[in-house]
Amino acid sequence: RLLVLGHHYRSPLNYTAALGRDREKSWGSVLEFFGKLEFIRKHRRHNATGKQIDTTTLTRAFHKALDDDFNTPAALAALFTFIGKVQPQLWHLGPRSAEDVHAAVKSSLKSLGFAVKLPTIPAKAASLAKEREKFRTSKQFSQSDDLRKKLNALGYVVEDTPVGPFVWPK
């Protein structure tokens, strides 16, 4: 769907395997972005203050593109531009702002027929990440690195964030 909507309906689509892989990678980035937003929403204290993001820029640009002869490539460009601007600030968002960003991006995707289904992290990977975090905070880095390698062997990567360890499939 991302591949098709990335081209205007009035122009021909020239499919290549590389284009398919590129769109698959783009969708993976969107899912990881959502995963990080969910992580912030669940793990940041509710009374924590953080950076606020104005989501109206996304909403306006997205709808303006769709109002212009259903220009889905421009709408997707607005969405990816917004995600790109939020990405560097992601770990500094407060839970309310993370909720707002989540809702705006999800609404935009839903209007194009996308449903976001995040992968579940198995209990074993989550417990390894939790144990790794204990070693890391107590400055036992060799044990921490060993657990990172075990997580990698299971097919997961761990990112150390200000909110805690974020685990995601490779």
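Here is a quick look at one helix pair and a set of salt bridges in this structure, which is a predicted model.

**The α4/α5 pair**

Let's start with the helices. Helix α4 covers residues 72-86 and helix α5 covers residues 95-111; their axes come within 11 Å and cross at roughly 160°. Angles over 145 degrees count as roughly antiparallel, and α4 and α5 are therefore roughly antiparallel to each other. As for handedness, the crossing of these two helices is left-handed.

Who touches whom? On the α4 side the contact involves L79, F82, I83 and V86, and on the α5 side V101, V105, S108 and L109. Sorted by type, the residues of this contact come out as 7 nonpolar and 1 polar, with no charged ones.

**Salt bridges**

Now for the charged side chains. In general, side chains of opposite charge can pair when their charged atoms come close. With a cut-off of 4 Å between N and O, the count for this model comes to 11 salt bridges. Three of the pairs are laid out here:

| Pair | N to O distance | Where the partners sit |
|---|---|---|
| E159 and K36 | 3.1 Å | strand β1 and helix α2, 123 residues apart |
| R136 and E133 | 3.1 Å | both in helix α6, 3 residues apart |
| D160 and R136 | 3.4 Å | strand β1 and helix α6, 24 residues apart |

Take E159 and K36, whose closest N and O atoms are 3.1 Å apart. This pair links distant parts of the chain, with E159 in strand β1 (residues 156-161) and K36 in helix α2 (residues 17-43). The burial of the two partners is worth a look too: E159 has 29% relative accessibility and so counts as partly exposed, whereas K36 is buried, with a relative accessible area of 8%.

The bridge between R136 and E133 stays inside helix α6 (residues 123-137), and because its partners are 3 residues apart there, about one helical turn separates them. E133 counts as buried at 17% relative accessibility, while R136 is partly exposed at 25%.

R136 also meets D160 in a salt bridge. That pair again links distant parts of the chain, running from helix α6 to strand β1. D160 is partly exposed, its relative accessible area being 31%.

Which residues are linked with R136 in a network of salt bridges? They are R132, E133, R148 and D160.

How values were computed:
Residues numbered from 1 in each chain as written. Predicted model: local features only at pLDDT ≥ 70, side-chain atom pairs only at ≥ 80, totals over all residues. Heavy atoms only, no water. Axes fitted to C-alpha atoms, helices over the stretch in contact; angles between N-to-C directions. Helix = DSSP H or I, 4+ residues; strand = E, 2+ residues; numbered from the N terminus. Parallel < 35°, antiparallel > 145°, perpendicular 65-115°, else oblique. Left-handed = near helix turned anticlockwise from the far one by under 90°. Contact = heavy atoms within 4.5 Å. Nonpolar A, V, L, I, M, F, W, Y, C, P; charged D, E, K, R; others polar. Salt bridge = Lys/Arg side-chain N within 4 Å of Asp/Glu carboxyl O. Buried < 20%, exposed > 50% of the residue type's maximum accessible area, 1.4 Å probe, protein only.
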